Amino acid sequence: MPLKLTLADEPASLAFAQRLAAVLTHGLVIYLSGDLGAGKTTLVRGVLQGLGYLGRVKSPTYTLLEPYETAGFSVRHFDLYRMNAPQEWDDAGFRDEANAHNILLIEWPEQAGDLLPAADLILQFEILARGRTLR
């Protein structure tokens, strides 16, 4: 049965993300699903902060990929929202990013169909009248 959390606001989302960061290991693949504005990039920002990243974290909506290096981790943040076809995943060479060293955080994984590596964790966001639900 999936775990269900209610995140009251952005600080609660960032706090959860930082706790998640504490248990991440190399090579993990994490899918982030949910509507626009549901908190996917906020979670990525919190994870990166939890891993010690001090720079600006931006959504890769137009670039599709933002790479981040932290002390001990290479994180690849994908936002596949603007992909038109799953084949673009392979055409862009993103398959090479899935390795035993990188952590992949993939927003809108459904855009790449079955070409993505299997997820180790799937996080589903839902917007509430106040806050978010995370499954």
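Let's start with Glu-66, which is buried in this predicted model. Its relative accessible area is 14%, and being under 20% is what counts as buried here. You'll find Glu-66 in strand 3. Who are its neighbours? Leaving aside residues up to four places away in sequence, Glu-66 touches Lys-58, Pro-60, Val-75, Arg-76 and His-77. Pro-117 is another matter: it sits 51 residues from Glu-66 along the chain, and their C-alpha atoms are 18 Å apart.

Strand 3, which spans residues 65–70, also helps to cover the buried residues of helix 2, so let's go there next. Helix 2 is largely enclosed by the rest of the structure, because eight of its eleven residues are buried. Which ones are they? Look for Lys-40, Thr-41, Thr-42, Leu-43, Val-44, Gly-46, Val-47 and Leu-48. The cover over them includes helix 1 and strands 2, 3, 4, 5 and 6. Just after helix 2 comes Gly-52, and its phi is positive, near 95 degrees.

Now bring helix 1 into view. Helix 1 (residues 10–21) packs against helix 2 (residues 40–50) at an angle of about 50 degrees, and their axes are 7 Å apart. That angle is why helix 1 is called oblique to helix 2. The crossing of helix 1 past helix 2 is right-handed. If you sort the residues in this contact by class, you get seven nonpolar, six polar and two charged ones. On the helix 1 side they include Leu-14, Phe-16, Ala-17 and Leu-20, while helix 2 brings Leu-43, Val-47 and others.

Leu-43 is worth a stop. What does it touch, not counting residues up to four places away in sequence? The list is Phe-16, Ala-17, Leu-20, Leu-32, Leu-123 and Phe-125.

From here you can step into the largest nonpolar core, which has 24 residues. Leu-43 is among the members that touch the most other members, along with Leu-24, Leu-32, Val-47, Val-75, Leu-105 and Leu-123. Several elements each supply at least two residues of this core: helix 1, helix 2, strand 2 (29–33), strand 4 (73–79), strand 5 (102–107) and strand 6 (121–127). Apart from this core lies another one, made of 15 residues, including Tyr-31, Leu-65, Trp-89 and Ile-106. As background, nonpolar side chains in soluble globular proteins tend to be buried together.

Conventions:
Residues numbered from 1 in each chain as written. Predicted model: local features only at pLDDT ≥ 70, side-chain atom pairs only at ≥ 80, totals over all residues. Heavy atoms only, no water. Axes fitted to C-alpha atoms, helices over the stretch in contact; angles between N-to-C directions. Helix = DSSP H or I, 4+ residues; strand = E, 2+ residues; numbered from the N terminus. Parallel < 35°, antiparallel > 145°, perpendicular 65-115°, else oblique. Left-handed = near helix turned anticlockwise from the far one by under 90°. Contact = heavy atoms within 4.5 Å. Nonpolar A, V, L, I, M, F, W, Y, C, P; charged D, E, K, R; others polar. Core = buried A, V, L, I, M, F, W, Y, C linked by side-chain atoms within 4.5 Å. Buried < 20%, exposed > 50% of the residue type's maximum accessible area, 1.4 Å probe, protein only.
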